[in-house]
Amino acid sequence: MYVRLVQFSFGAGSLSKAQELAADLGPAIREQHGCKGVTFFGDETGGDYGLFVLWETKDDADAAAPVIGPRLQHRLAGNVTGPPSINLYAVIDS
């Protein structure tokens with residue numbers, strides 16, 4: 001299994017932006033082949049947010065990236081305080 005970890009900052013007081021992103025992207029991510037689950041997380045006080053997606057295989061994660069990536073970038077454009085961190089990791093143990 002693989003984990004896609006995305007972290008970004010909307011800045012303090014922007015919980016509604018994070019909730020809108022989750023409402024938009026969550027269903028789209030969950031319907032991708034090989035998605036085992038998605039979790040959105042954050043810190044309202046500091047404005048740091050992110051998402052954690054568990055994928056069955058690396059190929060599944062890679063296939064979803066060109067579908068979900070543009071939607072994510074659209075949601076982040078003009079709203080984040082810096083570039084997002086987007087990484088894919090192999091799951092060692094769960």
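Helices (H or I, at least four residues) and strands (E, at least two residues) are runs assigned by DSSP and numbered from the N terminus. The model shown is predicted, and a local feature is described only where pLDDT is at least 70, a side-chain atom pair only at pLDDT 80 or more, while totals for chains, interfaces and linings use all residues. Residues are numbered from 1 along each chain as its sequence is written, and side-chain values use heavy atoms, with hydrogens and water left out.

**View 1. Gln32 in the loop between H1 and S2.**
Gln32 has a relative accessible area of 17%, and therefore counts as buried. The classes of accessibility are buried (under 20% relative accessible area), exposed (over 50%) and partly exposed (in between), computed with a 1.4 Å probe on protein chains only. Not counting residues up to four places away in sequence, Gln32 touches Trp55, Ala64, Val67 and Ile68; contact means heavy atoms within 4.5 Å. One of these partners, Val67, lies in helix H2 and is partly exposed, at 43% relative accessible area. Val67 and Gln32 are 35 residues apart along the chain, and their C-alpha atoms are separated by 8.8 Å. How far apart in space are Gln32 and Ser14, C-alpha to C-alpha? The separation of Gln32 and Ser14 is 28 Å in space and 18 residues in sequence.

**View 2. The largest nonpolar core.**
A nonpolar core is a set of buried Ala, Val, Leu, Ile, Met, Phe, Trp, Tyr and Cys residues joined through side-chain atoms within 4.5 Å. The largest such core holds 19 residues, of which Phe8, Leu21, Ile29 and Leu51 touch the most other members. Two or more residues are given to this core by each of strand S1 (2-9), helix H1 (15-30), strand S2 (35-43), strand S3 (48-55) and helix H2 (58-76). Leu21 serves as an example: leaving aside its neighbours within four places in sequence, Leu21 is in contact with Phe8, Phe10, Gly26, Phe40, Leu51, Leu72, Arg75 and Leu76.

**View 3. Helices H1 and H2 in contact.**
Two packed helices are described by the angle between their axes and the distance between the axes. The axes of H1 and H2 come within 11 Å and cross at roughly 180°, so H1 is roughly antiparallel to H2. Axes are lines fitted to C-alpha atoms, for helices over the stretch in contact, and angles run from 0 to 180 degrees between N-to-C directions. Angles under 35 degrees count as roughly parallel, over 145 as roughly antiparallel, 65 to 115 as roughly perpendicular, and the rest as oblique. Which residues make the contact of H1 with H2? From H1 come Glu20, Leu21, Asp24, Leu25, Ala28 and Ile29, and from H2 come Ile68, Arg71, Leu72, Arg75 and Leu76. These residues divide into seven nonpolar, no polar and four charged. In this grouping, Ala, Val, Leu, Ile, Met, Phe, Trp, Tyr, Cys and Pro are nonpolar, Asp, Glu, Lys and Arg are charged, and the others, Gly among them, are polar.

**View 4. Salt bridges, including those that link H1 with H2.**
Side chains of opposite charge can pair when their charged atoms come close. A salt bridge is a side-chain nitrogen of Lys or Arg within 4 Å of a carboxyl oxygen of Asp or Glu, and by this rule there are five. Arg75 forms a salt bridge with Glu20, with the closest N and O atoms 3.9 Å apart. This pair joins distant parts of the chain, since Arg75 belongs to helix H2 and Glu20 to helix H1, 55 residues apart. Arg75 is partly exposed at 28%, and so is Glu20 at 44% relative accessibility. In another salt bridge, the closest N and O atoms of Asp24 and Arg71 are 2.7 Å apart. Here too distant parts of the chain are linked: Asp24 in helix H1 and Arg71 in helix H2, 47 residues apart. Asp24 is partly exposed at 24% relative accessibility, as is Arg71 at 36%.

The side chains of Lys58 and Asp62 also meet in a salt bridge (2.8 Å, N to O). Because Lys58 and Asp62 are four residues apart in helix H2, about one helical turn separates them. Lys58 is partly exposed at 40% relative accessibility, and Asp62 is partly exposed at 35%. Through shared partners, salt bridges join Glu20, Asp24, Arg71 and Arg75 into one network.

**View 5. Gly37 in strand S2.**
Gly37 is partly exposed, with a relative accessible area of 24%. Apart from residues up to four places away in sequence, Gly37 touches Phe52, Val53 and Leu54. Gly37 and Glu56, 19 residues apart in sequence, are 9.7 Å apart in space, C-alpha to C-alpha.
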